[in-house]
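Student: Can we go through this structure together? I'd like to ask things as they come up.
Tutor: Sure, ask away.

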Amino acid sequence: MLTGIVTTLLGPMLPVFTAQWHLDDTQAGYLFTAQFASSISGVALSSVLLRFWGYRWTLLAGVTGMAGGIGWLARAPWSQALVAVCVYGIGLGVVIPVSNMLISSSYEQGRAASLNLLNFSWGLGAVACPFVVAIFQQKQRTGDFLLATAAGLVVVGVALLGTPFPQVSENMPE
């Protein structure tokens, strides 16, 4: 669910960021460009990392990037915000395809159902994000929401350390 939250985070947070940093529309648009351009870079990087590091360390790198970028964004001035968004965007770009590949390689039977559950979880996070942001925004605590999201990602990262993972297949797609 946290991946879905991070994916859609900029939408519901945009009014907060616009007011906080006094952004015009062009500057606000740079946040989305930063997230998606860096996410594409993370996707490109994910195959290379996966070959060298395997599932555990590649996912941990992605989750760490997401946690670090979101945590940084919670307290960043505008001059650092685009870099913070790029950091979590790269993490997203790594986590999403590697998670899909992990689930796909882990379940020979029921592969489609397992992938559907993964994507359903992301979808729940994406749909819940605006409502959770609204609750925090009413209390003027959106920074706490970002920090809580980063903390949740740290918990996921710690859980990855103790989770068994399969070997990366030799015939993994390029």
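Student: Is Phe136 buried, exposed or partly exposed?
Tutor: Partly exposed, at 26% relative accessibility. Buried would need under 20%, and exposed over 50%. Keep in mind that this is a predicted model.

Student: Which residue forms an aromatic pair with Phe136?
Tutor: Phe145. The two ring centres are 5.6 Å apart. The planes make an angle of 50°, and the pair is tilted.

Student: And Phe145, buried or exposed?
Tutor: Buried, with a relative accessible area of 4%.

Student: How many aromatic pairs are there in the whole structure?
Tutor: A search finds 3. One of them is Phe17 with Trp21. Their ring centres are 4.7 Å apart and their planes are at 15°, so that pair is stacked.

Student: Why stacked?
Tutor: Because planes under 30 degrees apart count as stacked, and here the angle is 15°.

Student: Where do Phe17 and Trp21 lie?
Tutor: Both are in helix H2. They are 4 residues apart, which is about one turn of the helix.

Student: Are those two buried or exposed?
Tutor: Phe17 counts as buried, at 1% relative accessibility. Trp21 counts as buried too, at 11%.

Student: Which residues form the aromatic cluster?
Tutor: Phe17, Trp21 and Trp78 form one cluster.

Student: Trp78 again later, maybe. What does Leu23 touch?
Tutor: Leaving out residues up to four places away in sequence, the list given for Leu23 includes Phe17 and Trp78. The C-alpha atoms of Leu23 and Trp78 are separated by 8.8 Å. Along the chain, these two are 55 residues apart.

Student: Where is Leu23?
Tutor: In the loop between H2 and helix H3. H3 covers residues 25-75. Leu23 counts as buried, at 9% relative accessibility.

Student: What about His22, buried or exposed?
Tutor: Exposed, at 69% relative accessibility. His22 is found in the loop between H2 and H3. Its phi is positive, about 55°, although His22 is not a glycine.

Student: Why point that out?
Tutor: Because most residues other than glycine have a negative phi.

Student: Where does Gln140 lie, and what is its phi near?
Tutor: Gln140 lies in the loop between H5 and helix H6, which spans 142-161. Its phi is near 55°, a positive value in a residue other than glycine. Gln140 is exposed, with a relative accessible area of 72%.

Student: New topic, helices. At what angle do H2 and H5 pack?
Tutor: About 30°, with their axes 9 Å apart. H2 is residues 10-21 and H5 is residues 111-138. Angles under 35 degrees count as roughly parallel, and H2 and H5 are therefore roughly parallel to each other.

Student: Which residues meet there?
Tutor: From H2, Pro12, Met13, Pro15 and Val16. From H5, Cys129, Pro130, Val133 and Gln137. The residues of this contact divide into 7 nonpolar, 1 polar and no charged.

Student: Cys129 is a cysteine. How many disulfides does the structure have?
Tutor: A search of the whole structure finds 0. Cys86 is in no disulfide, and its nearest cysteine sulfur, that of Cys129, is 19 Å away.

Student: Why no bond between them?
Tutor: Because 19 Å is too far for a bond. The sulfurs would have to be within 2.5 Å.

Student: Are these cysteines buried, exposed or partly exposed?
Tutor: Cys129 counts as buried, at 0% relative accessibility. Cys86 is partly exposed, with a relative accessible area of 27%.

Student: Back to H3. What is Ser39 in contact with?
Tutor: Setting aside its neighbours within four places in sequence, Ser39 contacts Gly89, Ile90, Leu92 and Gly93. Ser39 is found in helix H3. It is buried, with a relative accessible area of 15%.

Student: And Phe52, buried or exposed?
Tutor: Exposed, at 69% relative accessibility. Phe52 lies in helix H3.

Student: How many residues separate Phe52 and Val168 in sequence?
Tutor: They are 116 residues apart in sequence. In space, the distance is 9.4 Å, C-alpha to C-alpha.

How values were computed. Residues are numbered from 1 along each chain as its sequence is written. This is a predicted model: local features need pLDDT of at least 70, side-chain atom pairs count only at pLDDT 80 or more; totals for chains, interfaces and linings use all residues. Side-chain values use heavy atoms; hydrogens and water are left out. Axes are lines fitted to C-alpha atoms, for helices over the stretch in contact, and angles run from 0 to 180 degrees between N-to-C directions. Helices (H or I, at least four residues) and strands (E, at least two) are DSSP runs, numbered from the N terminus. Angles under 35 degrees count as roughly parallel, over 145 as roughly antiparallel, 65 to 115 as roughly perpendicular and the rest as oblique. Contact means heavy atoms within 4.5 Å. Ala, Val, Leu, Ile, Met, Phe, Trp, Tyr, Cys and Pro count as nonpolar, Asp, Glu, Lys and Arg as charged, and the others, Gly among them, as polar. Buried means under 20% relative accessible area, exposed over 50%, partly exposed in between (1.4 Å probe, protein chains only). Rings of Phe, Tyr and Trp (its six-membered ring) pair if their centres lie within 6.5 Å; planes under 30 degrees apart count as stacked, over 60 as edge-to-face and the rest as tilted.
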